[in-house]
Protein chains: 2
Amino acid sequence: MRAYAVLMKQFNAEDVWGDLTMREYDVLYTLSKCDGPLRMSELNRHVLLSQPALSRMVDRLVDRGLVERCTDPGDRRGVRLSLTPEGRKTQREIGRPHARSVTRALNVLTPEELEQLAVITAKLAGNEEK
Amino acid sequence: MRAYAVLMKQFNAEDVWGDLTMREYDVLYTLSKCDGPLRMSELNRHVLLSQPALSRMVDRLVDRGLVERCTDPGDRRGVRLSLTPEGRKTQREIGRPHARSVTRALNVLTPEELEQLAVITAKLAGNEEK
DNA sequence: TTAAAGTAGATGCAAACGCATAGAACTCGA
DNA sequence: TCGAGTTCTATGCGTTTGCATCTACTTTAA
């Protein structure tokens with residue numbers, strides 16, 4: 001957790017975020033990865049935010065033309081979220097320099113350690129239920 | 001980051017926090033570790049919060065009698081923060097069950113992986129400057 | 001078929017956050 | 001020793017967050 005705090009502060013201090021917050025970028029990034037529309041609840045699993053907070057954040061991103069929200073035809077109380085072309089563009093523009101920051105931060109690790117970290121985090125993230 | 005989000009949501013869902021938030025506990029925990037009074041800025045390095053937010057959070061913890069704030073005699077613009085006995089007690093009461101959650105979460109890792117994780121996070125956290 | 005229970009997402013509201021900035025204390029060179 | 005620059009923490013203010021709750025839709029089972 002200490003490591004996470006340190007890294008996040010570094011990333012946050014990097015001047016690459018344009019007029020997005022890191023959390024907003026996180027949403028755009030997640031949407032850009034799992035292509036195909038995502039459900040609110042799916043997205044919520046990836047982002048460290050409460051469901052109402054995420055709901056309103058998506059509101060704002062929709063208002064700003066970065067995200068599209070359309071009701072799921074299969075389950076009409078659900079929602080399908082996807083990036084607009086504009087949103088995809090924004091994500092890429094910010095993602096590029098951010099990826100460099102991440103690479104730089106991870107440079108202190110040896111290749112074996114990187115590999116180990118990948119395995120470990122996958123295990124931890126996979127352990128979703130108690 | 002995915003792993004962090006998953007773990008944090010698990011921990012947050014655990015019903016062990018009493019009337020503290022996780023962030024507040026984080027402050028109490030940090031103070032309990034580095035014994036001897038901490039400076040605001042030191043504390044801020046450990047906690048993922050902006051300086052003003054931390055300042056106000058300490059306000060609240062002082063009001064609630066968990067933390068003590070006295071001006072540093074050596075540098076009179078600075079502040080020395082320490083737990084009150086009450087604060088120490090609260091930290092321990094919450095820390096115990098929380099530690100169990102953490103242990104449980106880390107149980108999916110092998111002892112070697114735990115060791116590797118410790119090394120890796122130490123390296124990442126040590127890399128504070130760009 | 002239909003009422004009860006369950007699930008997905010939205011909204012009211014008070015509390016907490018971040019940004020910008022202020023104020024007070026220290027430092028250092030002239 | 002005095003003023004410019006820096007550092008440490010606090011405060012004003014608009015925005016965002018979380019909790020509780022609500023609405024709307026789906027599922028279950030009688």
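Let me start with DNA strand C. In this predicted model, 22 residues lie around DNA strand C, and those that come nearest are S41(A), P52(A), S55(A), S50(B) and A53(B). Both chains are on that list, then: A and B. As for elements, chain A gives two or more residues from α3 (40–46) and from α4 (51–63), and chain B does so from α4 (51–63). By class, the surface near DNA strand C has eight nonpolar, five polar and nine charged residues.

Now the other strand. Which residues are the closest to DNA strand D? They are S50(A), A53(A), M40(B), P52(B) and S55(B), out of 22 that surround DNA strand D. Here α4 of chain A gives two or more residues, and so do α3 (40–46) and α4 of chain B. The surface near DNA strand D divides into eight nonpolar, five polar and nine charged residues.

Next, the two protein chains. A turn of 180°, with a shift of 0.0 Å along the axis, lays chain B on chain A with an RMSD of 0.0 Å. The two copies are therefore related as by a two-fold rotation axis. Both copies use the same surface, since 100% of the contact residues of chain B recur in chain A.

How many residues of chain B are in contact with chain A? There are 25, and they meet 25 residues of chain A. On the side of chain B that touches chain A, the elements giving two or more residues are α1 (2–13) and α6 (111–126) of chain B. That side has 15 nonpolar, five polar and five charged residues.

Methods:
Residues numbered from 1 in each chain as written. Chains lettered and ligands numbered in written order. Predicted model: local features only at pLDDT ≥ 70, side-chain atom pairs only at ≥ 80, totals over all residues. Near = placed C-beta within 6 Å. Helix = DSSP H or I, 4+ residues; strand = E, 2+ residues; numbered from the N terminus. Nonpolar A, V, L, I, M, F, W, Y, C, P; charged D, E, K, R; others polar. Least-squares fit on C-alpha atoms with pLDDT ≥ 70 in both. Contact = placed C-beta atoms within 7 Å.
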